Amino acid sequence: MRSFAYVVPDSVAGAVDALAAAEPGTRILAGGTTLYDLMKLGIEAPPAVIDIHRLAELTEISTSDGELSFGAGARMAEVADHPVVRRDYPALSESLWRAASQQLRNMATVGGNLLQRTRCGYFRGGAEFPCNKRNPGSGCAALEGLDRTHALLGTSDTCIATYPGDWAVALIAFDAVLDVVGPAGERTLPLGELHVEPGDNPLLEHTLAPDELILRIRVPATPAGRGSTYHKIRDRESYAFALTSAATAVTLDAQGTVTDCRIGLGGVATRPWRATTAERSLIGEQLTRETARRAGEVAFAGARPPRTGAFRVELGIRTVTDALLTAGKRAAR
């Protein structure tokens with residue numbers, strides 16, 4: 001047991017003050033579904049933990065004023081089952097329902113979920129396996145090891161771990177933004193600018209400052225929401241990371257021509273991946289299996305599969321294809 005300080009602020013302002021005064025390596029505790037696990041494994045050893053899970057001001061959910069707004073402390077299960085989210089943004093609801101297990105969804109928060117570590121089995125495997133995320137400069141065991149589920153996009157010579165989340169993949173397809181707060185005040189950050197690729201420093205996974213925390217997630221209202229889906233392919237039906245996944249949304253005109261298209265890719269990249277070139281390839285086209293597959297091929301055109309993961313390029317193309325067709329059926333209702 002490693003000793004650590006346990007801080008329980010009674011407001012967001014108190015949490016910010018505690019972060020500003022904290023030692024390097026201090027961690028925020030919200031649902032705790034990842035932090036506890038990594039502390040037990042000895043991967044995380046924070047000198048202090050700041051518990052924010054009781055802060056009611058972080059749990060508010062609003063679906064008015066032309067946007068969806070989710071407090072960072074709202075539970076995944078609560079957001080997934082919100083009637084407006086289920087009806088008007090099925091991709092968001094499905095991305096949460098298909099993540100983790102029911103017990104975890106009941107505890108995990110939507111803000112904390114965004115900040116889960118990009119990781120693979122070697123990251124969790126212990127000191128005998130070199131990992132640049134766990135021990136910078138030690139190497140990457142996955143490069144010559146078991147790499148079936150590792151990233152196809154956004155990799156580097158220092159890390160090929162896959163970003164494991166589902167929620168962020170759906171959010172990035174809907175142009176979500178984050179309101180964050182720190183000692184300098186509040187700022188708004190596009191979700192697409194939160195996560196970073198490993199490059200030469202895989203220890204750096206996001207752009208939040210150490211003394212900042214997420215207040216809320218905001219999603220602009222869009223008619224594309226109703227014509228959306230989150231399609232997740234995995235080795236087992238529940239409690240497994242994606243081999244490939246796709247969050248897609250489309251709007252169609254009266255002739256069935258695509259007027260708006262959103263494609264987010266999950267399970268295949270080092271960060272949540274927006275396939276903007278693939279989206280543009282569908283605008284102005286009729287949505288058919290052929291055009292949907294072509295968009296999938298465009299989405300994976302830059303893939304660099306690991307040695308035993310090449311099958312996931314074709315699997316990813318088919319995942320995008322099927323997701324687009326499902327979204328199209330919903331949009332046409």
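**Exercise 1. Determine how exposed Asp175 is, where Asp175 lies, and which partner the side chain of Asp175 meets in a salt bridge.**

Step 1. Asp175 is partly exposed, having a relative accessible area of 38%, where buried stands for under 20% relative accessible area, exposed for over 50%, and partly exposed for what lies in between (1.4 Å probe, protein chains only). The model is a predicted one, in which local features need pLDDT of at least 70 and side-chain atom pairs count only at pLDDT 80 or more, while totals for chains, interfaces and linings use all residues. Residues are numbered from 1 along each chain as its sequence is written, and side-chain values use heavy atoms, with hydrogens and water left out.

Step 2. Asp175 is placed in the loop between helix 9 and strand 6; helices (H or I, at least four residues) and strands (E, at least two) are DSSP runs, numbered from the N terminus. The phi of Asp175 is near 60°, a positive value in a residue other than glycine.

Step 3. The side chain of Asp175 meets that of Arg262 in a salt bridge, at 3.4 Å from N to O, the term standing for a side-chain nitrogen of Lys or Arg within 4 Å of a carboxyl oxygen of Asp or Glu. This pair links distant parts of the chain, 87 residues apart, with Asp175 between helix 9 (167-173) and strand 6 (177-182) and Arg262 in strand 11 (residues 258-266). Arg262 is buried, with a relative accessible area of 10%.

**Exercise 2. Describe how strand 11 is enclosed and with which strands it pairs.**

Step 1. Of the 9 residues of strand 11, 7 are buried, so this strand is largely enclosed by the rest of the structure.

Step 2. Strand 10 (residues 244-252) pairs with strand 11 in the antiparallel sense over 8 bridges, pairing being assigned if DSSP finds at least two bridges between two strands. Within this pairing, Val250 stands opposite Cys261 in strand 11. The two strands form a hairpin with 5 residues between them, and Gly256 in the turn has a positive phi of about 85°.

Step 3. Strand 11 also pairs with strand 12 (residues 273-274), again in the antiparallel sense, over 2 bridges. Here Leu265 has Trp273 in strand 12 as its bridge partner. This hairpin has 6 residues between strand 11 and strand 12, and Gly267 in the turn has a positive phi of about 75°.

**Exercise 3. Explain what the salt bridge between Glu44 and Arg27 ties together.**

Step 1. The side chains of Glu44 and Arg27 meet at 3.1 Å, N to O. Glu44 lies in the loop between helix 2 (35-40) and strand 3 (48-51), whereas Arg27 belongs to strand 2 (residues 27-29), so the pair ties together parts that are 17 residues apart in sequence.

Step 2. Glu44 is buried at a relative accessible area of 9%, whereas Arg27, at 31% relative accessibility, counts as partly exposed.

Step 3. The whole structure holds 29 salt bridges. A further one joins Arg86 and Asp81, whose closest N and O atoms are 2.8 Å apart; Asp81 is partly exposed, with a relative accessible area of 40%.

**Exercise 4. Characterise helix 5 and the loop that contains Ala100.**

Step 1. In helix 5 (residues 90-97), 7 of the 8 residues are buried, so the helix is largely enclosed by the rest of the structure. The buried residues include Pro90, Leu92 and Leu96.

Step 2. Ala100 lies in the loop between helix 5 and helix 6 (102-107). Although Ala100 is not a glycine, its phi is positive, at about 55°, and at 24% relative accessibility Ala100 counts as partly exposed.

**Exercise 5. State which class of residue predominates in the lining of the largest cavity.**

Step 1. The largest cavity contains about 90 Å³ of space. A cavity is a set of points, on a 1 Å grid over the protein atoms alone, where a 1.4 Å probe fits but cannot get out, and lining residues have an atom within 4 Å of a point.

Step 2. Of its 17 lining residues, those closest to the centre are Cys120, Cys131, Cys140, Cys159 and Ala161.

Step 3. The nonpolar class predominates, with 11 nonpolar, 4 polar and 2 charged residues; Ala, Val, Leu, Ile, Met, Phe, Trp, Tyr, Cys and Pro count as nonpolar, Asp, Glu, Lys and Arg as charged, and the others, Gly among them, as polar.

Note on methods. 1 Å grid on protein atoms, 1.4 Å probe; cavity = no way out; pocket = protein on both sides within 12 Å on 5 of 7 lines; lining within 4 Å. Points joined across faces, edges and corners; volume = space filled by probe spheres on them.
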